[in-house]
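Here are some exercises to work through with the model open beside you. Try each task before reading its solution.

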Amino acid sequence: MEEDLPEAPIATTPSDVNHTASWRTFRPVIDLKLCTKCNVCWKFCPDDAIAFDGVGFPVIRLDYCKGCAICAEECKPKAITMVKED
Amino acid sequence: MTQLVISGNYAQSYAAKLARVHVVSAYPITPQTAIVEKIAEFVASGALPAEYIKVESEHSAMQACISASALGARTYTATSSQGLLLMHELLHWAAGARTPVVMGVVNRAVAPPWSIWTDHGDTMSQRDTGWIQFYGESNQEVLDTTLMAFRLAEHPEVRLPAMVTEDAFYLSHTVEPVDIPGQDQVDAFLPPRERSSTLEVGKAMRLGSFTGPEHYMEFRHKIAKAMVRTRDVFLEIEDDYARITGRNHGGLLPTYKTDDADTVLVTMGTATTTARGVVDAMRADGHKVGLAKLRTFRPFPVQELRDLATRVDRIGVLDRSFTFGAAGAAFTEVAGALYAAPHHPQLRGFVAGLGGRDITAAMVREALLDLLTRDGPESSWVELKSRTEAS
Amino acid sequence: MARLTIPAQELMRSGHSACPGCGATLVMRYLLKGLGERTIVTVPACCWTVIATPFPTTALDVPMLDCAFEATGASISGLRAAADQLGLKDVTIVGFAGDGGTADIGLQALSGMLERRTDGIYLMYDNEAYMNTGVQRSGATPEGAWTTTTPVDEFSRGKLEPKKDIMAIIAAHNPPYAATVNVAFPEDFVKKVEKAKAIHGPRFFHALAPCPPGWRYSSEKTIEVARLATDTNVFPLYEIVDGVYHITRKLGVAKPVREYLQTQGRFSHLDDAEVAKIQAQVDARWKRLLALEGLA
């Protein structure tokens with residue numbers, strides 16, 4: 001509705017209301033036994049899709065992960081595997 | 001209040017200073033230069049504590065004004081002819097982003113062939129950009145209208161950019177006595193700009209954005225509605241200005257001796273002054289002629305023209321530009337405005353004064369006499385130097 | 001948890017519209033980590049026009065102002081002037097534009113901004129072609145690369161002309177600070193941004209932003225491709241501080257350029273002679289850079 005729009009085209013809703021999970025064909029799965037908590041996966045994620053749990057292990061935010069697999073590629077101990085989505 | 005004998009260009013400069021603009025961004029072009037030279041002096045001396053961005057093009061001049069305005073600054077620029085055409089993309093941008101930039105334009109013909117003389121082709125070709133357009137007749141009107149343009153552009157019901165034009169040399173380089181309102185008077189009339197629809201530091205907000213077909217039309221319709229509201233807002237603002245300064249230039253379509261007129265000539269800019277003298281002379285000869293001045297082209301004074309049309313039999317429109325493939329822009333727009341009116345006067349267009357050719361009293365008289373006595377041609381070029389009659 | 005090597009604060013949100021593996025997105029993320037929240041970003045037509053998401057959402061937690069394609073430099077100047085006039089002197093103004101918007105259509109406004117000493121930052125994220133419109137060559141496309149307007153077929157071999165040296169153009173304006181940054185080296189990237197933030201005057205970043213669809217490689221390789229660009233000397237990391245060059249990453253021996261080229265489909269047609277030519281150009285540019293550094 002026109003009445004609901006601001007007078008000028010100003011966007012103010014943070015983009016994380018948009019979920020991009022459906023873009024994904026493969027999802028990263030982290031083997032915590034191999035993870036060294038080096039944060040490389042977090043550092044190189046273009047989608048801000050990696051958070052940390054209470055003890056510092058990375059957690060994939062699957063609502064936003066697009067499955068680019070940079071994290072798996074850059075993970076030195078190879079703790080991340082890309083698994084095909086159903 | 002003081003009176004100074006100044007050019008139309010300086011009238012623009014003084015108006016920008018009195019408006020306490022924050023940011024001026026401009027690029028030189030003949031015959032606009034004196035406007036920005038004077039502002040540069042004001043800024044350099046500290047008389048105007050603004051930022052003057054010396055840009056490398058008119059395109060950048062307008063972008064810098066838009067960006068400064070997006071953050072809440074009061075901004076001003078000035079240009080002419082080719083410079084205005086280079087800005088074209090950003091004129092749309094200023095309206096679309098709802099940034100109330102105010103601009104002085106010295107109307108100058110467009111090349112080629114190069115011409116530095118007056119012509120309305122430069123601003124006429126910007127009429128679809130969403131800018132409010134005022135055409136000035138005198139240096140006093142230019143100063144007063146520029147001050148009003150700031151308040152109008154920034155008005156919460158409007159929030160659109162506005163240009164105030166003056167004919168090259170006839171106003172830009174001709175001095176006239178101009179009453180300069182006191183700073184206290186202007187401050188009372190024009191408060192600091194309200195910061196609405198502007199960027200705020202630390203907040204997630206994107207001004208401009210992009211939309212799919214689901215929103216674009218609605219944003220455009222908002223501009224359309226704002227332009228409609230501009231008419232009434234301007235009339236209020238001009239009343240207010242008159243209360244403070246004692247001067248009222250007569251709204252969107254000031255008229256002269258039209259009450260009992262059967263024939264009216266519609267003019268723009270300085271040709272109006274010439275035509276006013278012709279009306280007086282022809283009235284002395286018993287002709288019931290009058291004058292209406294298109295002071296605004298955007299918004300177009302449709303309501304005022306329809307009111308006028310109910311009282312007269314013949315309307316001539318004097319255009320200082322031409323829309324190739326059609327006719328003079330003012331003529332076609334007057335025709336469009338009157339089509340839905342109950343009364344249809346005989347309507348004719350006269351194209352005159354392109355590229356700085358004088359619009360003389362004799363020329364205006366000839367056109368009015370022709371209008372009084374003939375029903376056609378619908379559109380004609382006045383005093384074209386040709387072996388055959390022009391039409 | 002291990003110490004983070006770059007700031008934790010995220011001023012770029014998830015849910016943006018970038019392609020998977022987008023280098024330009026990491027450029028924005030690192031830039032804002034370095035600049036912090038007292039920042040205003042102005043963006044012309046480029047991939048980020050789309051990445052930032054359509055109305056009514058926005059991917060940045062700082063204000064973003066869209067500007068005309070060719071006018072980023074002027075937009076920075078306008079925002080700076082307004083910020084100073086409105087008592088926002090502590091705010092950092094940054095223009096964020098692609099290589100086409102910078103090295104081609106926006107070069108004039110950029111030059112103007114540098115010449116008039118606007119106190120602001122200009123970052124060119126370089127994905128080496130008009131990617132948002134579908135991979136057309138720009139002045140920043142490297143020699144030999146395939147794009148949709150420099151096809152590779154029996155008659156043509158990709159782009160014939162060398163890449164425009166934007167840093168040399170910037171250096172000719174003598175800004176107080178200019179640097180190259182690369183998404184494969186986020187610590188170096190953020191450190192340079194933090195350094196630039198403390199400097200006044202016009203500052204410039206040339207950021208390498210690998211593009212999986214445009215460069216024709218698989219999305220997980222973005223960091224590897226970017227790292228190889230620097231480690232083969234194709235994209236050296238350096239700063240120019242008040243005219244003094246300083247190379248910030250030097251390997252004893254650079255890797256062969258072939259290792260970089262072969263990661264990307266856009267170079268897959270190149271034969272040995274063409275690769276050798278590119279290697280020679282890279283070597284010459286590196287030698288010149290070392291000489292410039294030696295002037296200090």
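The exercises below cover an interface, a strand pairing and some backbone features.

The model is predicted, so local features need pLDDT of at least 70 and side-chain atom pairs count only at pLDDT 80 or more, while totals for chains, interfaces and linings use all residues. Residues are numbered from 1 along each chain as its sequence is written, chains are lettered from A and ligands numbered from 1 in the order in which they are written, and side-chain values use heavy atoms, with hydrogens and water left out.

**Exercise 1.** Describe the contact of chain A and chain C by residues and buried area.

Step 1: Collect the residues in contact (heavy atoms within 4.5 Å). Chain A contributes 34 residues and chain C contributes 42 residues.

Step 2: Take the buried area, which is the accessible area (1.4 Å probe) that two parts lose on being put together, summed over both. The two chains bury about 2900 Å² between them, with 56% of it on carbon and sulfur atoms.

Step 3: Look for the main contributors in chain A. Trp42(A), Lys43(A) and Asp48(A) lose the most area to chain C, together 21% of what that side buries.

**Exercise 2.** Find how many salt bridges cross this interface, and examine the one between Arg227(C) and Glu74(A).

Step 1: Apply the rule: a side-chain nitrogen of Lys or Arg within 4 Å of a carboxyl oxygen of Asp or Glu. Five salt bridges are found across the interface of chain A and chain C.

Step 2: Check the pair. The closest N and O atoms of Arg227(C) and Glu74(A) are 2.7 Å apart.

**Exercise 3.** Locate the strand of chain C that is joined to β2(A), and give its direction.

Step 1: Use DSSP runs, numbered from the N terminus: helices (H or I) have at least four residues and strands (E) at least two. Two strands pair if DSSP finds at least two bridges between them.

Step 2: Two bridges join β2(A) to β2 of chain C (residues 57–58), and the strands run parallel. Thr13(A) stands opposite Thr57(C).

**Exercise 4.** Val135(C) and Asp242(C) each have a positive phi without being glycine; decide whether each is buried or exposed.

Step 1: Place them. Val135(C), with phi near 65°, is in the loop between β5 (121–126) and α6 (166–171) of chain C. Asp242(C), with phi of about 50°, is in the loop between β8 (238–241) and β9 (244–247) of chain C.

Step 2: Apply the cut-offs for relative accessible area (buried under 20%, exposed over 50%, partly exposed in between; 1.4 Å probe, protein chains only). Val135(C) has 10% relative accessibility, so it counts as buried. Asp242(C) has 59%, so it counts as exposed.
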